[in-house]
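Please open the structure in your viewer and keep the selection panel at hand. The tour moves from one sheet to another and ends at a cavity.

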Amino acid sequence: MTIHRIATIGFACCLLLSISVAGLSCTSGQTGDSLRTVQQVQPVEYFSPQTDNPAGPSADNAGIDPELWSALLSALQESIRTSNRQVRSAPDGINNMVADLTITSTTADSADLNWHYRSIGDYDQNSQVNISDLTVIGLHIGKSQQSEDWHRARLADGDGNGLITIADVTPIGANFGNAVSHYSVRRAHSNNPAEFSEVGSINQQQGTALPGSLALSYNLTINGLEDGDTLHVVPVDVADGSSGSVSNDVIFTSALRPLDLTASQGTLPGEVMLLWSAVEGATGYVIQRRQLSMTIYDEIGTSDAGTLTFSDTDVEAGQHRFYRVAALIDGGTSAWSDSAEGWSMELPAVPAGLTASQGTVEQAIQLDWAAVANVDGYRLYRDESATHFSETSDISLLDTAVSLPGLHVYEVTAVNAAGESPRSSQATGSAGIIPAAPQAFSASNGTIADHVSLEWQAVEYAEGYNIYRDSETSLLATVGELETYADASLTDYAEHQYWIAAYTALGAGPLSGPQLGSLKLVEPGAPQNLTASRGTYRDSIQLDWEAVASASQYRIYRDGSGTPLATVGQVDSYADDSIPDLDEHSYTVQAVNAAGQSPLSNSAAGYPDSRSNWWRFGMNNLHISRASATGPATNSLAWSYPTGSWIRCNPVMAADGTVYFGNYNGQLVALNPDGTEKRTYTAGADIFTAPAIAPDGTVYVGSHDFKLHAVNPDGSSKWTYTTGGIIRSSPAIDSQGRVIFGSQDFKLYCVDAAGNLAWSFTCGEEVRSSPAIAGDGTIYVGSGKDNMLNAIHPDGTLKWKYNTGGWVRSSPAIAADGSIYVGSSNGQLHAVSPAGAILWDFTAGDYIENCSPAVGLNGRVYIGSGDDKLYCIDPLTGTEIWSYVTGADIDSSPAIDGNGVIYVGSDDFKMHAVNPDGTLKWSYTTAALVDSGPLVAEDGRIYFGSSDGSLYCVGPVL
């Protein structure tokens, strides 16, 4: 192996190693035959030895997508590996053989030779198969024989399948390193046909490429020839002295060749007829053809010595081809004749200007189009049919076969002996008469109180009329053969635009209009169906009524006052946010316009929501225990209120700041924001549960006396409802105002606002869990020692049950995505889907029983356990994010403020404030266990009870 070969192979290996390790890492400083720099090659129209840059290809400079370039490099690396390509040499093998060597002309002792460059994989034709050939693939990837610039792209079609794909990298790898420095022309005398010697050569870079075909072509004149001499060409690599595959042989036959070749030009349909003069001594003739855009001739047939004609029937109409003929003499081929251009008869042009009448010809459609040269006639097609319905030699046709109304689509083609042209552009026509626009169109404007009157003159042929209002396409009504129409559908007194069009079954005619019309203004009627919200809104009462069509304004009156509370525009609602208190107020509404004022509406009474945001256990029906207010920064005590009995329930708050809570003395206590007593209500036994406040101020609370107590805002009893067991389930209030709570008699109760039973649902064990209510009305509640989380429809029927594996005295919380979180006595926190399927379980170090989960703004779940820890749980995975250790069991449910601080009580006598990262912010120590869950109030303070009998308020003194 020569030193040059060793260097080339080593360089290629280094190149491929760099590709596999570092991707595209070539720089302009690298050199070598098998590597081109990334910086210098620019996209060109085609590649030739004269213009090809010896520097390397660049995905950036060549305009190739970097990902595609990387894929091409990887494919090349794999191809070289599998082909075991190891040496540089001239291209060899049948695929690399020049197969189109021809004698184009001769004299008595010379021949002009022609052939094309053949080195599989050398797509840029720069003399060597190397990495630069990937650029040509990258520039033309995805192109096929149908592509407009296939004459450029076909250079990269190494596998010859008519499509440029990444598979065309394989020929580069299989022939990597092949090089052609020049072509050697060799001759063998007829008396010694096996011995060839070189009689001429041409450098690879001397090839030329015509615009019609970018493949390099070589032309070389060889002198001193004798009849019968055999010639062929061989590619040579001067670097290693190797020779490649020998081309086809041609035989020199001096100046003998067919003369006077002619080809028919558009005179014959479906064929091209060739004619030439005889050659003396010929035993036959070979006929070749090439396409106009190609430089390579293909053999299409032969003839015997006595046949001087040939019919080429493998043609397309009007497609130009070039032909040549050579004589067969003594086993060889003469020089080729001069070429002759020929083509078969062209198809006629596509007819232009097709039109079809639209409603101008009764019982028919008139078709017209422009004449086309050299045609025998025309074919007409209707409604995209595959077959024509008529044929004519004229340039117009009256289609009388479409007498029925309707649209029809037409096309026309031209026909001659060569065949039929493509179809023309489509024209749509219709038979019948389209009516004219109605005349004398008018509209009443402010003269009639209850409608707008439209009038017009009848139109000939009209079968009816379309009436439009406010836009030319907004259809108001369709009427028959009338001349008037009353628009009684208006609900306002503004001016409106009207249009009208006559129609037949064929379609609508042109529009008349616009004309302005409006109703006459009269005194408005009284607003109807006035309603006032009852506890729906915190700081206002919402009024709604039916709008009065003629009203321009409305006057709002409150509590019988003769002076309007407010005057509003053309609306049908009003929010009274100026209410002086939380009591019930009465309202009436009056409509007003320029003509006068209406009587007063019906009277409606309403009241605001008398609750704070934290109006029940868990804050609201979702039990998320997450306030928007920011809690206290320190453990400073604002006040404490002693009751003398254990406070286990969570306190709640009314909108005016009144704090409600119960204790084991059976007292429901109401405190003012400053900690002074407002009133008390005495039940028949201990109060374990948190109260719930209704929008009207009614306070509901359960007791160990088996009763649910409804207490008026003034502290008096409203009613009681007796169950079959003590009540430790804090009540919920649904959107219908119904109170839902559990009892130790195994039942969940639903009682209306008047104390009447709506339904009850029997669970499998006592119900100490407080029900949570989802947005769709589904009620979720635990049921003690049967271990179940129950999902119950709003009508009291079972939706599903989920077995937690432990007692469920913990109350569920509902996340924003509908997931339900609930604890159980086996120490697990369960995440359950709204369909009742397990999402995940988290296991703490001890029981989770009286503590209920809270849900943070970021979705994190917080729960306490008998193992003294407060846990922060990831809502997606159910894994622990952090835990905070208190000094004893946690039976208090945590609460969260607007900054994400978590507040939780512990049996270590303390209320703990824990930062969002799980570190202690502050703690407050009481005289006994803190099992009460805290209330995070809108006043920035927290309220909680202790078994020492006191309610504590931590935060600023107001």
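In which sense do strand β11 and β14 pair, and over how many bridges? Select residues 272-275, which make up β11, and then β14: the two pair in the antiparallel sense over four bridges. Strands here are DSSP runs of E, at least two residues long, numbered from the N terminus, and two strands pair if DSSP finds at least two bridges between them. This is a predicted model, in which local features need pLDDT of at least 70 and side-chain atom pairs count only at pLDDT 80 or more, while totals for chains, interfaces and linings use all residues. Residues are numbered from 1 along each chain as its sequence is written, and side-chain values use heavy atoms, with hydrogens and water left out.

Within this pairing, M273 stands opposite S311 in β14. Now add β10 to see an open, antiparallel sheet of three strands in the order β10-β11-β14. Because β10 (262-263) and β14 (309-312) each have a single partner strand, one side of each is left without a neighbour in the sheet.

Next, select residues 659-662 (β44) and 667-671 (β45), which run antiparallel and are joined by four bridges; Y660 has A670 in β45 as its bridge partner. The open sheet around them has four strands in the order β43-β44-β45-β46, with antiparallel pairing.

Finally, select F617, R648, N650, F688 and N850, which lie nearest the centre of the largest cavity, among its 21 lining residues (those with an atom within 4 Å of a point of a 1 Å grid, over the protein atoms alone, where a 1.4 Å probe fits but cannot get out).

Definitions and conventions
On a 1 Å grid over the protein atoms alone, a cavity is a set of points where a 1.4 Å probe fits but cannot get out, and a pocket is an open set with protein on both sides within 12 Å along at least five of seven lines; lining residues have an atom within 4 Å of a point.
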